[in-house]
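Here's a quick briefing on how the parts of this chain meet and which charged side chains pair up. Have a look at the model first, then read on.

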Amino acid sequence: MSIKAIKTAVIGHPISHSKSPLIHNYWIEKHGLNGGYQAINIHPDNIRTDVQALVGKGYAGFNVTVPHKIAIMELCDEIDDLAKSIGAVNTVTIKNGRLYGTNTDAYGFIQNIKQNAPDFDFTSGRIVVLGAGGAANAVLYALLQEGAQEIIITNRTREKAQGLAAFNNKIIKVADWGDRNDICSGASLIINTTALGMTGKPPLTIDISGADNNALVTDIVYSPLQTDLLKQAQSHGFQTVTGIGMLLHQARPAFKLWHGVMPEVDKTLEKLVLA
Ligand code: ATR
């Protein structure tokens with residue numbers, strides 16, 4: 001008797017740019033599993049009916065990307081504490097017609113740094129977070145989990161940064177966007193969570209030359225892989241971690257939930273998604 005194919009997907013709008021099918025189908029093949037992963041474009045107006053259709057077709061689960069990460073929460077039967085804290089769901093598992101939501105973005109962010117800068121200590125020094133959108137939410141959650149003691153968040157729209165600082169007002173302080181150069185002075189970790197610097201977006205104008213000599217700089221933007229921020233960091237001798245690993249690592253727990261196997265991020269996969 002053949003084993004039933006495990007159908008999975010990513011839903012978003014637009015979705016054609018998504019690298020997730022490449023990642024999941026690579027692992028499905030590598031582990032010799034019976035299944036497939038598709039990108040499905042769902043217009044925000046149709047999310048309820050289109051998600052119900054996936055349930056009807058027997059999907060094991062799906063990833064959720066822009067702009068549905070918050071809207072999907074209403075459609076979930078259960079949401080775990082992690083996703084509730086982050087305030088967004090990026091992974092849904094379907095069991096017996098019920099939708100279980102979680103979030104793997106914080107995991108992806110941390111694992112990327114742990115794999116590429118294994119000696120980095122999150123518990124000492126000042127951490128600067130640039131931006132206060134959905135990605136910043138997961139990044140802050142992850143930093144607090146790792147025991148960060150001092151975080152400064154700055155965002156063009158200050159109120160959004162203030163909203164996120166409410167996670168932990170003792171550890172997270174808010175700075176004006178105009179002061180972003182100053183707050184980088186002496187920083188041990190600088191994280192860009194904005195879309196600035198991405199191909200087609202405005203540049204991220206910032207001077208990080210004053211950061212700590214051992215500073216680590218990372219960018220969630222991965223197109224281009226070496227952003228101007230990372231290039232600037234390298235020119236000052238700082239350690240850098242590119243954003244592609246966050247995308248790759250956030251996919252791992254989702255794959256495990258659906259297929260029961262925790263896949264690894266290897267060089268072949270990295271090359272495949274960067275090609
Ligand atoms: P999300 O849907 O996650 O909020 P987004 O709208 O693309 O994503 O914005 C992500 C981040 O990039 C936000 O912090 C945003 O700042 P605002 O909250 O002020 O919108 C930031 N961002 C986008 N364009 C920017 C720009 N031109 N200058 C400064 N920050 C910018």
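What follows covers the two domains, the contact between them, and three of the salt bridges.

Keep in mind that this is a predicted model. The domain assignment splits the chain into domain 1 (6–103 + 246–274) and domain 2 (106–242). Their C-alpha centres sit 26 Å apart, and the contact draws on 14 residues from domain 1 and 14 residues from domain 2.

**Where the domains meet**

- Domain 1 and domain 2 bury about 1,300 Å² between them, with 67% of that on carbon and sulfur atoms.
- On the domain 1 side, Ile86, Met246 and His249 are the trio to look at: they account for 49% of the area domain 1 buries against domain 2, more than any other three residues.
- Don't look for salt bridges across this interface, as the count there is zero.
- Polar contacts do turn up, with three residue pairs between domain 1 and domain 2.
- Helices α4 (81–86) and α10 (244–259) each put at least two residues into the side of domain 1 that touches domain 2.
- Of the elements on that side, α10 gives the most, with six residues.
- Sorted by class, the side of domain 1 that touches domain 2 holds eight nonpolar, four polar and two charged residues.

**Salt bridges**

- In general, side chains of opposite charge can pair when their charged atoms come close.
- The total here is eight salt bridges, and three of them are described below.

**Lys30 and Asp266**

- These two form a salt bridge, with the closest N and O atoms 2.8 Å apart.
- Lys30 is in helix α1 (residues 20–30) and Asp266 is in the loop between α10 and α11 (267–274), so the bridge ties together parts that are 236 residues apart in sequence.
- Lys30 is partly exposed at 46% relative accessibility, while Asp266 is buried at 19%.

**Glu146 and Lys114**

- Here the side chains meet in a salt bridge at 3.1 Å, N to O.
- This pair also links distant parts of the chain, 32 residues apart: Glu146 is in the loop between α6 (134–145) and β8 (150–155), and Lys114 is in helix α5 (residues 105–116).
- Glu146 is partly exposed, with a relative accessible area of 25%, and Lys114 is partly exposed at 37%.

**Lys267 and Glu270**

- The side chains of Lys267 and Glu270 form a salt bridge at 3.6 Å, N to O.
- Both residues lie in helix α11, three residues apart, or about one turn of the helix.
- Lys267 is exposed at 56% relative accessible area, whereas Glu270 is partly exposed at 22%.

Methods:
Residues numbered from 1 in each chain as written. Predicted model: local features only at pLDDT ≥ 70, side-chain atom pairs only at ≥ 80, totals over all residues. Heavy atoms only, no water. Domains from an automatic or database assignment. Contact = heavy atoms within 4.5 Å. Buried area = accessible area lost by both parts, 1.4 Å probe. Salt bridge = Lys/Arg side-chain N within 4 Å of Asp/Glu carboxyl O. Polar contact = N/O pair within 3.5 Å; in protein donor to acceptor, adjacent residues only side chain to side chain. Helix = DSSP H or I, 4+ residues; strand = E, 2+ residues; numbered from the N terminus. Nonpolar A, V, L, I, M, F, W, Y, C, P; charged D, E, K, R; others polar. Buried < 20%, exposed > 50% of the residue type's maximum accessible area, 1.4 Å probe, protein only.
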